[in-house]
Amino acid sequence: TRVNIGVYLMIEYLYCPILKTRQSEIDAYDMLAPAVKDAILPIIEMTGALGYTYPKNYKIEKLRHTHRSGDIYKKINKILDLVQNRHFILDITDDESLMYDGLKEDGGLLDPNNGYEKWISFLNKDDKFKKLVIPTIQFDTNYKEDLIEQIKKLDNSFKYLAVKLPAFTSSKNVFSSDIVFNESIQRIISWIAQFIKSRKLILIIDFGYIKNFDIYETIIDKGMQQFNSLDIIKAIVPVSSSFPNFVVSVSKPIRSFENTISSVVKKYVQHFDIPVVHGDYAAIHPTKYEMGGGGWIPRIDYVVRDEIGQPICYDYARGNKKNTSSEYPILARLVIDSYNYKPITEIITEGDIRIRNRANNGEEGKAPSYWIAVRSNLYVTAQYLYIKKVTFGSLFL
């Protein structure tokens, strides 16, 4: 929704999915219908630039085993090609396994020297990119003076900023593995308030992987009660994922708790008159799953919705043969014939089209990454339709 307020055109955003710059998640977004793209404010997490290590038998001997670094600045055009003229929040992944070239502290975008000079330079490199991006504060208290300088520079250059903070920390009791709510969130927000203008910070609270909400309910209820002054907050975006890193480790179908998390957060902050905008990991596990030596087994996942269209769980059809795509047409047919699979009818959804095409022996869809994109595309579309229907909460920029 676009609303004219004076001379400004305000755009309403309903949903903030996190999408890493891995091919499967890029494809999931690219497949979305234009109406969905227009209504979401994606949180894009950069995973670094892939370089190239020369093989041991490379023709130029002195280059053998050496590494040619990837160009992190190429990410700018890649992101712009993806979002076109749409706004987005930009963050840097905290998943160590995805920190390729250009991100590490030593000379990369996370280098804190001179007030995170590399990060600031990256954000200002392209005029169109700068106009569309909402940058996140790279928050590391080990470099306090550089952190302060970074915040001030971002505040002067950008209309809105974001910060992503973990919802949980480990217990201070070394004999306990219990998690506790991150009581530093309120203190951090109050500290940042010294350096930025009012109502310009989007607070992303990262709840990570939620396997069973009952385990976390009391912790979240108690933790959310700590919030008091939130004068600098433009919106709060709780993000979480219920999708496991290994599906056979949980009961089938896999319950979804993403909307439950957002509803609990909304309950505790609604009296601040601050919008709570639903966010999640777009049906992707928060961290990269390292494939074991046994390889992969073909699987097609899909999203199950309730009678009002809310995504309530994930289900799947799984094959038996390792490292082969021959079972995908059979699995696609099993999905279509499943009692709880219902294609999305409110809007044309590429994920459903691809399942149907594969069931009809289409050629595309021979690798797991293809089907990760399909799952994420189905989920983001279903989530958008549900949030639009129930008017959960929105952000005007």
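A disulfide is taken here as a pair of cysteine sulfur atoms within 2.5 Å, and by this criterion the structure, which is a predicted model, holds zero disulfides. Two of the cysteines can nevertheless be placed with respect to the surface: C16 is buried, with a relative accessible area of 0%, and C313 is likewise buried, with a relative accessible area of 10%.

Strand β12, which spans residues 201–209, is largely enclosed by the rest of the structure, because eight of its nine residues are buried. Strand β9 (residues 161–166) runs parallel to β12 and is joined to it by six bridges, with V163 of β9 finding its bridge partner in L203 of β12. Strand β13 (residues 233–241) also pairs with β12 in the parallel sense, in this case over seven bridges, and within this pairing I205 stands opposite P238 of β13. The connection between these two strands involves helix α8 (residues 213–224), and β12, α8 and β13 together make a right-handed β-α-β unit.

Helix α3, formed by residues 74–83, contributes K75, I76, I79, L80, L82 and V83 as its buried residues. When the helix is viewed down its axis, these buried residues fall within an arc of 160°, and they therefore line one face of α3. The exposed residues K74 and D81 are located on the other side of the helix. Packing against the buried residues of α3 involves both helices and strands, namely α1 (23–30), α4 (113–124) and α5 (127–132) together with β4 (43–46) and β7 (88–92). The helix is followed by Q84, a residue whose phi is positive, near 60°.

A lysine in strand β3 (residues 15–20) was examined in further detail. This residue, K20, lies in β3 and has a relative accessibility of 2%; since buried residues are those under 20% relative accessible area, K20 counts as buried. The side chain of K20 reaches the backbone oxygen of P286 at 3.0 Å. When residues up to four places away in sequence are not counted, K20 touches E25, I26, E45, T47, T93, L98, Y281 and P286, so that P286 appears both in this set of contacts and as the residue whose backbone oxygen is reached by the lysine side chain.

Technical notes: Residues numbered from 1 in each chain as written. Predicted model: local features only at pLDDT ≥ 70, side-chain atom pairs only at ≥ 80, totals over all residues. Heavy atoms only, no water. Buried < 20%, exposed > 50% of the residue type's maximum accessible area, 1.4 Å probe, protein only. Helix = DSSP H or I, 4+ residues; strand = E, 2+ residues; numbered from the N terminus. Pairing = 2+ DSSP bridges. Right-handed = clockwise from strand over helix to strand, strands pointing away. Arc of directions from axis to C-beta. Contact = heavy atoms within 4.5 Å. Polar contact = N/O pair within 3.5 Å; in protein donor to acceptor, adjacent residues only side chain to side chain.
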